[in-house]
Amino acid sequence: MRRNLTDELDQCRTTYEGLKRRLAEIGFICVGTVLEVYEACGKPNCRCHADPPRLHGPYYLWTRKVGGKTVSVRLSPQHAPVYMECAANRKALQAILDEMTAISMRAMDLLKQEGS
Ligand SMILES: [Zn+2]
């Protein structure tokens, strides 16, 4: 029983160290998401009002919450991929943190059992 606890605790430590290494490799992060938007303009005879419509775009909007309000910023096609990557990095970071938390809590539980 005690042996199993130690083995599982070692496994927790190994997995945790692996997650820490993945954490260290993450690049810049940003909040929010980048939306690809196609729009119709105000000119009635434009191709975007034809049948079928050929909308303008894509335009890129970086959307995020600031103080409970949604804020959108238009991005150039050159900058959009950078923001997309940073937003994806933050999601990956959060997933790693969630995993680290779960493993830590399991390890704490094992340590508590070991000590009793
Ligand atoms: Zn148009």
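Reader: In β2, which residue is the bridge partner of Thr33?
Author: The partner of Thr33 across the bridge is Thr63 in β2. This is a predicted model, in which local features need pLDDT of at least 70 and side-chain atom pairs count only at pLDDT 80 or more, while totals for chains, interfaces and linings use all residues. Residues are numbered from 1 along each chain as its sequence is written, and side-chain values use heavy atoms, with hydrogens and water left out.

Reader: And how many bridges pair β1 with β2?
Author: There are six bridges between β1 and β2 (residues 56-66), and the pairing is antiparallel; another of the partnerships with β2 is that of Val37 with Tyr59. Strands (E, at least two residues) and helices (H or I, at least four) are DSSP runs numbered from the N terminus, and two strands are taken to pair if DSSP finds at least two bridges between them.

Reader: OK, what is the order of the strands in the sheet?
Author: The sheet is open and has three strands in the order β1-β2-β3, paired in the antiparallel sense. Because β1 (33-39) and β3 (69-75) each have a single partner strand, they stand at the edges, and one side of each is left without a neighbour in the sheet. From one strand to the next the twist averages 35°, where axes are lines fitted to C-alpha atoms (for helices over the stretch in contact) and angles run from 0 to 180 degrees between N-to-C directions.

Reader: Which helix packs on the sheet?
Author: That is α2 (residues 80-115), which touches β1, β2 and β3 and whose direction makes about 140° with that of β1. Contact here means heavy atoms within 4.5 Å.

Reader: Back to β2 and β3, how many bridges join them?
Author: Seven bridges join these two antiparallel strands, and among the partners are Tyr60 with Leu75 and Leu61 with Arg74. The hairpin that β2 and β3 form has two residues between the strands, and in this hairpin Gly67 takes a positive phi near 55°.

Reader: What about Val73, which residues is it in contact with?
Author: Leaving aside neighbours within four places in sequence, Val73 is in contact with Tyr60, Leu61, Trp62 and Arg64. Val73 belongs to strand β3 and has a relative accessible area of 31%, so it is partly exposed; that class lies between buried (under 20%) and exposed (over 50%), using a 1.4 Å probe and protein chains only.

Reader: Changing topic, which residues are in the largest nonpolar core?
Author: This core has nine residues, namely Leu5, Leu9, Cys12, Leu19, Ile96, Met100, Ile103, Ala107 and Leu110. Helices α1 (2-24) and α2 each supply at least two of its residues, and the largest share, five residues, comes from α2. A nonpolar core is a set of buried Ala, Val, Leu, Ile, Met, Phe, Trp, Tyr and Cys residues joined through side-chain atoms within 4.5 Å.

Reader: What does Met100 touch?
Author: Not counting residues up to four places away in sequence, Met100 touches Tyr16, Leu19, Lys20 and Leu23. There is also a second, separate core of eight residues, including Cys30, Tyr60, Trp62 and Leu75.

Reader: Which residues coordinate the zinc ion?
Author: The zinc ion is coordinated by Cys41 (SG), Cys46 (SG), Cys48 (SG) and His56 (NE2), at 1.9 to 2.4 Å. In sequence these donor residues are spaced C-x4-C-x1-C-x7-H. Donors are N, O and S atoms within 2.8 Å of the metal (3.2 Å for Na, K and Ca), and since water is not among the atoms, sites may look incomplete.

Reader: Why is the arrangement of donor atoms around the zinc ion called tetrahedral?
Author: The four donor atoms subtend angles of 100 to 118°, and therefore the arrangement is tetrahedral, a label that four donors receive if all angles lie between 85 and 135 degrees.

Reader: Is Cys48 buried or exposed?
Author: Cys48 is buried, with a relative accessible area of 4%, and Cys46 is buried too, at 16%.

Reader: Last one, which residues does a cis peptide bond join, with omega about 0°?
Author: That bond joins Asp51 and Pro52, and Pro52 lies in the loop between β1 and β2. A cis peptide bond also joins Gly57 and Pro58, with omega about 5°, and Pro58 lies in strand β2.

Key
Tetrahedral: all angles 85-135°; square planar, octahedral: opposite > 155°, others 65-115°.
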